[in-house]
Amino acid sequence: MDYADLLSKLEVFFSEVCYTQLLKAVQDRTALVIDYTDLERFDIEIADHLLEEPEEFFKASEEATRNVDVGEEIESQIPLRIKGLPGTQTVSIKNLRSKHLKKFIAVEGIIKQASEVRPEIVLATFECRACGERIMMLQEDQDLTTPYMCECGNKRGFEMVERKMVDIQRLEVEESPERLEGSAQARKIGVFIKNDLVDPKFQKRVVPGSKVVVTGTLDDIPIKSDRGKESKRRDIYIDGNYIEPIEFEFEEIEISPEDEKKIKELSVNPKVYEMLTDSIAPSIYGYKDIKQAIALQLFGGIRKVRPDGIVTRGDIHILLVGDPGSGKSQILKYTAGLAPKARYVVGKSASGAGLTATVVKDEFMRGWALEAGALVLANKGLVAIDELDKMSQEDRSAMHEVAEQQTVTISKANIQATLNAQTTILAAANPKFGRFDPYQSLPEQIDIPDTLLSRFDLIFPIRDEPNKEKDTLLVRHILKMHENPEEQNPPLDSSILRKYISYVKAGINPKLSKAAQKEIERFYVGLRSKYAGTEEVSPVPIGARQLEALVRLSEASARVRLSDKVQKEDAQRAIKLLTDCLMQVGIDPETGKFDIDRLESGTTSSQRNKIRIILTLISDMQKETEDKSVLIEDIKASAEEQGIEDAEEIIQKLKREGELFEPRQGHIRRV
């Protein structure tokens, strides 16, 4: 097809098929966005011409839009944006080859990095210093193009007097993790976007972590050699024409009518919870409570945004702390493989920047660019963090904001940004000394800061203790797997389980019924009132964070049944899971009572009572001495009279915290 035919057909297309859209684009001074299927339906020849010769197509379309009568003269170019390319033109980033150069294609991926928006010259007017002649030069290359020679013979004396500029931004798009095969490394490609695509309103759709389909022309640029010469090898990039965000949660999975029928049958099955539990990591023996909790975690609670702007997360965070060889990593890997948008990271090889976000130097735009980490890239998905205890303190502190506020705030170099990280966290760690000590309480052996620990809804200790009956069943299970590895048939295969979760997340949003509210209220108020006023400093058995966790777990339980109401049995299921966790990690060994401060602050109410008594004793004794110092032995004796036998330990702890100091050997004094 020659240029004249293309131009005439495009004029008919714009004046008949999409005249209304063109008129609106001219009036609103916005881009004209058309669907490829509309173009193909009108004339398959010009649709093919777009794919094969995009440069000529867009040149003709620009001229065609100017020739269409829209009631007013089109002063500036109306950008034409094409979306909805067929599957044959959607190319995986790793499969881009030289045959795709200068072709109009689509790639799908996650925005890994976004540079700052910067202006670029597209048209420059130069003036000859010798004769004053003006020469216009279209700027199509990377470097500024200047006139070679004026008509008067001058070759050097040119001055730029006018220029037309557009805004430009460079994105780095990475392949989606679900499209990778085996242990393949995700490939990346640079995408340059201009004009309306860098408009502030559109920018909200292209933040790092967003999953998008990019349409544009694949082009190449020379790779400079060490000596500054142009190399034979070329680097490729996409000259972006349109960016279409994709709904990238569980909802993106296609569900057929047969799948929907099967899901509805499962939801009314009285054994659906047992089936879900047995389908999570079926090769790992036991751990029924943990597997049920993970199943509910995948279904999740409901995210709520209140009128005052306060957001309550719906994601359920779970921490597994266990002895080596207890199957934690296998459970994490299975769960990460089950979720369609998931990342698996290992503590020792993960940094705070790799988990959240960082600012990196952008070589192309000569500025700073924002690069998203695992928790942002898995927005509305799941991150499995193994070896959490091996991460450094600084790297772990980066997770605090994500775990509760579900955002990542970056203020580095000249970039200030807040990124969404509505991510479910499933983490695993080892005890402080590698294996649980039976003579110490569990919370003392969890080497994770209390501030981070309190953000997990459920904490499960996994202890490897010799037990003849359990060991026999475990051995038989493992040997049977080795004998017939293919005979392992879980009640629900991963494909239908993934579709089940997808169906639920797409449209099941249950609300608490009166019966469920009363059940949660009875448990919460009943447990707290049991300990109210029993001591001078009463233990706090359960707090507001645990109440929120109960609601999230109850909602997840109701979602399994595809119910629009959270019933009493859902609340009871959530209460049982939370109580099982608190029984293992939230009991004060001295009193045998629930005390949530054991997890949230590391100091139980009974310990705080002892600290208060010892500090009061020291203050009273200091009044009777001239140098305000008190003998440690005297304090220990007085403390023993009041039933405190571990006074020495408490004094040492207060010294470490800076409450007390030792002016001379054997004496103590308050700061």
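Colleague: Which residue does Glu 52 form a salt bridge with?

Modeller: In this predicted model, Glu 52 pairs with Lys 103, and the closest N and O atoms are 3.9 Å apart.

Colleague: Where do Glu 52 and Lys 103 sit in the chain?

Modeller: The pair links distant parts of the chain, 51 residues apart. Glu 52 belongs to helix α4, residues 44-52. Lys 103 is in the loop between β2 (80-83) and β3 (104-115).

Colleague: Is Glu 52 buried or exposed? And what about Lys 103?

Modeller: Glu 52 counts as partly exposed, at 43% relative accessibility. Lys 103 also counts as partly exposed, at 24%.

Colleague: How many salt bridges does a search of the whole structure find?

Modeller: The search finds 27 salt bridges. One of them is formed by Glu 127 and Arg 134, with the closest N and O atoms 3.4 Å apart. Glu 127 is partly exposed, with a relative accessible area of 25%. Arg 134 is partly exposed too, at 44%.

Colleague: What about Asp 457, which side chain does that one meet in a salt bridge?

Modeller: The partner of Asp 457 is Arg 552, at 2.7 Å from N to O. This pair also links distant parts of the chain, 95 residues apart. Asp 457 is in the loop between α15 (450-453) and β20 (458-462), while Arg 552 is in helix α19, residues 544-560.

Colleague: Are Asp 457 and Arg 552 buried or exposed?

Modeller: Both Asp 457 and Arg 552 are buried.

Colleague: Which residues are linked with those two in a network of salt bridges?

Modeller: The network holds Arg 313, Glu 404 and Arg 545 along with Asp 457 and Arg 552.

Colleague: Changing topic to cysteines. How many disulfides are there?

Modeller: The count comes to 0 disulfides.

Colleague: Why is there no bond at Cys 152?

Modeller: Because the closest cysteine sulfur, in Cys 131, is 3.7 Å from the sulfur of Cys 152, which is too far for a bond. The cut-off for a disulfide is 2.5 Å between the sulfur atoms.

Colleague: Is Cys 152 buried or exposed? Same question for Cys 581.

Modeller: Cys 152 counts as partly exposed, at 42% relative accessibility. Cys 581 is buried, with a relative accessible area of 4%.

Colleague: On to the surface. Which residues form a positive patch?

Modeller: A positive surface patch is made up of Lys 511, Lys 514, Lys 518 and Lys 565. Lys 565 lies in strand β22, residues 565-566.

Colleague: Why can Lys 565 be part of a patch, going by accessible area?

Modeller: Lys 565 has a relative accessible area of 38%, and a patch residue needs over 30% and no salt bridge.

Colleague: And which residues form a nonpolar patch on the surface?

Modeller: Tyr 285, Leu 473, Leu 474 and Ile 478 form one, with about 300 Å² of accessible area together. Ile 478 lies in helix α16, residues 468-483. At 35% relative accessibility, Ile 478 counts as partly exposed.

Colleague: Backbone next. What is phi for Asn 195?

Modeller: Phi of Asn 195 is positive, about 50°, although Asn 195 is not a glycine. Most residues other than glycine have a negative phi.

Colleague: Where is Asn 195?

Modeller: Asn 195 is in the loop between β7 (188-194) and α6 (200-203). At 38% relative accessibility, Asn 195 counts as partly exposed.

Colleague: How far apart are Asn 195 and Pro 79 in space?

Modeller: The C-alpha atoms of Asn 195 and Pro 79 are 8.0 Å apart, with the two positions 116 residues apart in sequence numbering.

Colleague: What is phi near for Glu 387?

Modeller: Glu 387 has a phi near 55°, a positive value in a residue other than glycine. Glu 387 lies in the loop between β16 (382-386) and α13 (393-397). The relative accessibility of Glu 387 is 22%, so Glu 387 counts as partly exposed.

Colleague: Last one, Ala 374. Where is that?

Modeller: Ala 374 is in helix α12, residues 374-377. Ala 374 is buried, with a relative accessible area of 6%.

Colleague: What separates the C-alpha atoms of Ala 374 and Thr 356?

Modeller: The separation is 6.3 Å, for two residues that are 18 residues apart along the chain.

Conventions
Residues numbered from 1 in each chain as written. Predicted model: local features only at pLDDT ≥ 70, side-chain atom pairs only at ≥ 80, totals over all residues. Heavy atoms only, no water. Buried < 20%, exposed > 50% of the residue type's maximum accessible area, 1.4 Å probe, protein only. Patch = residues over 30% accessible without salt bridge, like charges linked within 9 Å, V, L, I, M, F, W, Y side chains within 5 Å. Areas by Shrake-Rupley, 256 points an atom, 1.4 Å probe, with all protein chains shown as cover. Salt bridge = Lys/Arg side-chain N within 4 Å of Asp/Glu carboxyl O. Lys, Arg positive; Asp, Glu negative; His and termini not counted. Charge placed at Lys NZ, Arg CZ, Asp CG, Glu CD. Helix = DSSP H or I, 4+ residues; strand = E, 2+ residues; numbered from the N terminus.
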